Amino acid sequence: MAPLPLRPAFAFLALVATLAPGRADEAPTFRRPSAALAALVDATLSPTVVLSPDRTRLLLLDRPGAPDLAELAAPELKLAGLRLDPATNGRSREAVHTGLAFQPIAGGPLVRVNSLPPNPRISGYEWSRDGRHLALALLGDRGIELWLVDVAAATARRLAATFLNATFGEPMVWLDDSTLLLRRIPATRGAAPAPGQVPAGPVVQENRGRKAGARTFDGLLGNSHDEALFAHYGDTELARVTLDGQLTALPVRGLITSVQPSPDGTHLLVETLRRPFSYLVPYSRFPVDITVHDRAGRKVHSVASLPLNEGMATNAVRPGPRGVAWRADAPATLSWVRDLGRGAKLADGSTQARDAWFTLAAPFSGPPVEQQRFEYRVTGVQWGGDDLALVTESWTTTRRLRTWRVAPGKPGGERTLLSDRTSEDRYRDPGRGATVRNAFGRLVLARRPADGRIFLTGAGASPEGDRPFLDEYDPATRASRRLWRSAPPHYEEFVAFLDADFSRALVMRESADRPADFLVRDYAKGELRPLTSFPHPHPQLTGLTPEVIRYQRADGLELSGTLYLPPGHRAGDPPRPALLWAYPREFLDPENAGQMKATPERFTRISVSGPLPFLLAGYVVLNDPAMPIVAEKGKKPNDTYLPQLVANARAAIDELVRRGVADPKRIAIGGHSYGAFMTANLLAHSDLFRAGIARSGAYNRTLTPFGFQSEQRTFWQAPEVYNEMSPFHYADKIKAPLLLIHGAADNNSGTFPVQTERFYAALKGHGATARYVVLPHESHGYRARESLLHVLWETEAWLAEHLQAAAKPAASSTR
């Protein structure tokens, strides 16, 4: 598009005339922003790219544009924390793909699969481990159908006349290269229970002295009819189907939330919910039976029967086995961790032990083998063999994160600490083990056969930005050798090795002006060969040159953000109105809080839900300026939330003004979710901003009394923090105009629509300038095309109305 006129004031006056919001009592209708912004909503999306298990092809899955509002308005059930589509017996609002193609790694043309039904909606896909077939879950008029793609022939067909049950997630998984295991709707299930005309009695909940505090959750069960609907739609039967369509029902039925075949395909690990259900927590905390079955469905072992879990303290976990899974490098060996309770010690007796890690091999007849004990909570295992596994443990309160080298073949044997840092310290992240698929098709650590060395890959955070890397690493000596590191002007990530000698890899590469593409890098020859060439999704912004800027808070804390200047802006132009869009984060260490987050070499992806579209309306944008809230000595981060928040914002504004790009009297602040909460607080406790935009936020922390974000204390433990951080309590101090937007069906924990409803009422009651927009059928993030266009219109009009004049807003509290 052509640049805006040189004098932005005229442009803003025109926008006021054409985009000024109508009266709130006018008949509501969806509106469209200016043409330049509207075009961004329909930008072509790059496909989802997946490497085949045999490493010979890329699967490219087409991504559709924004759905129509009618799709979101379809009937929906909110049950036990799930949102279900009763027509498909799967998740509602599910992201789908609309076509697929294959790109050979060796080169050659793209091969498209054209034998799918018209306008396909692919809700799930699963590669066979040999890469010869691809199973698809297709949303049909009557339910979710199972289709099969012959990869070599690029043809697809419906595999079996049955409907899948995706209530609890992906409904299909490969048992072997020729057999799929399905979660399907039982043929004898019957019709959904109808609600009674007259309730049989009241809804009653009772507690007998047990502490069961829980954070706020959306869409929980609320009565006996909800329970009946949950039991109906969750009712699942397991079945096997072969490549020729032969279907065999297994004698396993119930509320099956998970089924994992063993690597050798001989056993099934099944998790099945049971009553009593809860009206306080989602289904993931309901009572569950964890059992092992043979390939025919016969139960051969019971791992655990876990009770209802309605409340846990910080760092506490559910009693009994958790994280039950198959060992990836063995035919059929279970792995899990369990809380040890009070008084347990590490093997050497030196330190408190909180978790123990166990394994148990088929036929599951002996006692579990205790592999190791850990001081913190085990959060992950990467398998490499009897002589090597990488185990990660962490502790929420201190954010400590440690990785150990252990030998599963020597239970209780010596282990080596490989990494010890805090999760907020990105600069010291050594990376994660690169993986390859073994004979079972499972991902295990990539290792050199001669010496057992592994490979580490990570983001490579640094003061210059992220510089992804690939290292060769010896777990025995902890010696490391860098094989490759991304360097300007590109940003390049390792994706996967493509050969047995680890000399070639699939990589993803982008730059500030080119979207991400996939290439083959030959580390031995230093060659780079492209595989894809995706078009620029918004060519009207080609040449956009973001700048990562660095500045300091008044107390010396290093901050950074990404500065964007609108098209047509030239050095020496008068200061422009500006929009800051941010999201606060808590830190325990000021050095970590000051670490660089942005990377100049990354492609600027324009999200229509973010601030960057307004570059096309002539605004300067500072995207994601750091808003760290750092714990002071002897205190928690949020004990000084407000002064730090204001200091962060002041530092960002000062830097924009110092650079001469922003008019300090015409700056707006905005954010989504916790960023909306931030926005309201900045308007209540400073006079830095001319206007604010708050989307899908929470404004009264007493409505989230058992914690929020990283705040682990309850309202009753820190009432002064909850009260002072709640902008609802300071609605009378907000004088700058505030645009509030919320989805009517927000399902995010803590940001229920009532938060914005009551906050707007408080603002209106005190005579504030505010506008309250409720988007029908939208959840925490907005998806419908009509909604996206309208939000752009609301925001564009709000900024034009309130930033076009240079008048300083009325003074407000500077607490």
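**Notebook: pockets, a helix pair and a buried glutamate**

I looked up the second largest pocket, and its volume is about 800 Å³. The model I am reading is predicted. I next asked which residues sit at the middle of this pocket: of the 35 residues that line the second largest pocket, Gln 260, Arg 437, Gly 441, Arg 442 and Leu 443 are the closest to its centre.

I then went through the elements behind this lining. Those that give two or more residues to the second largest pocket are β1, β8 (122-127), β12 (172-176), β15 (247-261), β19 (321-326), β20 (333-339) and β23 (377-385). Of these, β23 supplies the largest share of the lining, five residues. Sorted by class, I recorded 21 nonpolar, eight polar and six charged residues in the lining of the second largest pocket.

**Largest pocket**

I turned to the largest pocket, for which I noted a volume of about 1,000 Å³. It is lined by 39 residues, of which Ala 43, Leu 45, Arg 63, Pro 64 and Gly 65 are the closest to its centre. Which elements give two or more residues to this lining? I found α2 (35-41), β1 (48-51) and β35 (514-522). The most comes from β35, with three residues. The classes in the lining of the largest pocket are 23 nonpolar, 10 polar and six charged residues. I note that β1 is listed for the largest pocket and is listed for the second largest pocket as well.

**Helices α6 and α7**

I examined how helix α6 (residues 641-658) meets helix α7 (residues 674-685). Their axes come within 10 Å and cross at roughly 90°. Because angles of 65 to 115 degrees count as roughly perpendicular, I entered α6 as roughly perpendicular to α7. On the α6 side, the contact is made by Tyr 641, Leu 642, Leu 645, Val 646 and Ala 649. On the α7 side, I listed Tyr 674, Phe 677, Met 678, Asn 681, Leu 682 and His 685. By class, the contact of α6 with α7 has nine nonpolar and two polar residues, and no charged ones.

**Glu 794**

Last, I looked up Glu 794, which lies in helix α10 (residues 785-803). Is Glu 794 buried or exposed? Its relative accessibility is 2%, so I entered Glu 794 as buried, the cut-off for that being under 20%. Leaving aside residues up to four places away in sequence, I found that Glu 794 touches Leu 739, Ile 741, Arg 771 and Val 773.

Technical notes: Residues are numbered from 1 along each chain as its sequence is written. This is a predicted model: local features need pLDDT of at least 70, side-chain atom pairs count only at pLDDT 80 or more; totals for chains, interfaces and linings use all residues. Side-chain values use heavy atoms; hydrogens and water are left out. Axes are lines fitted to C-alpha atoms, for helices over the stretch in contact, and angles run from 0 to 180 degrees between N-to-C directions. Helices (H or I, at least four residues) and strands (E, at least two) are DSSP runs, numbered from the N terminus. Angles under 35 degrees count as roughly parallel, over 145 as roughly antiparallel, 65 to 115 as roughly perpendicular and the rest as oblique. Contact means heavy atoms within 4.5 Å. Ala, Val, Leu, Ile, Met, Phe, Trp, Tyr, Cys and Pro count as nonpolar, Asp, Glu, Lys and Arg as charged, and the others, Gly among them, as polar. On a 1 Å grid over the protein atoms alone, a cavity is a set of points where a 1.4 Å probe fits but cannot get out, and a pocket is an open set with protein on both sides within 12 Å along at least five of seven lines; lining residues have an atom within 4 Å of a point. Grid points are joined across faces, edges and corners, and a volume is the space filled by probe spheres set on the points. Buried means under 20% relative accessible area, exposed over 50%, partly exposed in between (1.4 Å probe, protein chains only).
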